[in-house]
Amino acid sequence: MPPGFNDRDRHAHPDRRDQQRVNEQIRIREVRLIAANGDQLGVVPTAQALEMAREAQLDLVEVAANEKPPVCRIMDYGKYRYQQSRKGTKTKVHQQKVKEIRVRPKTGDHDVDTKINQARKFLEHKDKVLVHVIFKGRELQHIEEGRRIIVHILEKLADMAKVEKQPSMEGKRMTAMLAPKA
């Protein structure tokens, strides 16, 4: 048998080994019972524990299956499962990404405005924005046109971003980095 495989698990469905047993799924003679308010009620017969859970209109849930005898608790199982699922979603942290915006010196004003709107969405999502002005062929003779476009983009986004890296030439492209304001 594989390690961690109990004799009890032999007849259990393979997907249910890691899940808790509830109410009639608990088929052992005696259980150590914990009341809904957290009081220890000791070792009681499973039938009596089920009856106590029904009287309280709650469920009998196996919380420690590997103990001798298994520990069961009287609780609202639906509410418990909901709280467990909520725990998993709250821990997500946003990974900051670097998004790129690419324009050329010949790019029209309206197209540049569209790129600025894209950059706004990235910054609202707390991502960094890397602005590229790419020069091809003879456009390298008109670097001032590229600088004008990149400065225009930085001015339009100044309300929600800080310049992390000033515009500079790197080969055939001019780049600047924007980060969202805290």
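This section describes the confidence, the two sheets, the helix packing and the backbone features of a predicted model.

The predicted protein chain has an average pLDDT of 85, and 87% of the residues score at least 70. Residues 4–17 form a stretch in which pLDDT stays under 50. For this stretch the model has twelve contacts beyond four places in sequence.

One open sheet consists of four strands in the order β2-β1-β4-β3, and its pairing is mixed. Strands β2 (40–45) and β3 (59–64) occupy the edges; each has a single partner strand, so one side of each is left without a neighbour in the sheet. On average, neighbouring strands of this sheet are turned by 35° against each other, direction ignored. Within the sheet, β1 (residues 30–34) pairs with β2 in the antiparallel sense over five bridges. Glu30 has Pro45 in β2 as its bridge partner. Helix α1 (residues 46–55) packs on this sheet and touches β1, β2, β3 and β4 (71–75). The direction of α1 makes about 125° with that of β2.

Two backbone features occur in loops associated with these elements. Gln57, located in the loop between α1 and β3, has a phi near 55°, a positive value in a residue other than glycine. In the loop between β3 and β4 lies Pro69, which is joined to Lys68 by a cis peptide bond with omega of about -15°.

A further open sheet of four strands follows the order β5-β6-β8-β7, likewise with mixed pairing. Its edge strands are β5 (98–103) and β7, each of which pairs on one side only. The twist from one strand to the next averages 15°. The pairing of β5 with β6 (residues 128–134) is parallel and extends over six bridges; in β6, Val133 is the bridge partner of Val103. By contrast, β7 (residues 161–170) and β8 (residues 173–180) run antiparallel and are joined by seven bridges. Val163 stands opposite Leu178 in β8. Strands β7 and β8 form a hairpin with two residues between them, and Gly171 in the turn has a positive phi of about 70°.

Both α3 and α4 make contact with the strands β5, β6, β7 and β8. Helix α3 packs on the sheet with a direction that makes about 175° with that of β5. Helix α4 lies across the strands and runs at about 5° to β8.

The two helices also contact each other. Two packed helices are described by the angle between their axes and the distance between the axes. For α3 (residues 109–124) and α4 (residues 143–156), the axes come within 10 Å and cross at roughly 45°. The helices α3 and α4 are therefore oblique to each other, and α3 passes α4 in a right-handed crossing. On the α3 side, the contact involves Val112, Asp113, Ile116 and Arg120, which meet Ile149, His152, Ile153 and Lys156 in α4. By class, the residues of this contact comprise four nonpolar, one polar and three charged.

Conventions: Residues are numbered from 1 along each chain as its sequence is written. This is a predicted model: local features need pLDDT of at least 70, side-chain atom pairs count only at pLDDT 80 or more; totals for chains, interfaces and linings use all residues. Side-chain values use heavy atoms; hydrogens and water are left out. Axes are lines fitted to C-alpha atoms, for helices over the stretch in contact, and angles run from 0 to 180 degrees between N-to-C directions. Angles under 35 degrees count as roughly parallel, over 145 as roughly antiparallel, 65 to 115 as roughly perpendicular and the rest as oblique. A crossing is left-handed if the near helix is turned anticlockwise from the far one by less than a right angle, and right-handed if clockwise. Contact means heavy atoms within 4.5 Å. Ala, Val, Leu, Ile, Met, Phe, Trp, Tyr, Cys and Pro count as nonpolar, Asp, Glu, Lys and Arg as charged, and the others, Gly among them, as polar. pLDDT is the predictor's confidence in each residue, from 0 to 100. Two strands pair if DSSP finds at least two bridges between them.
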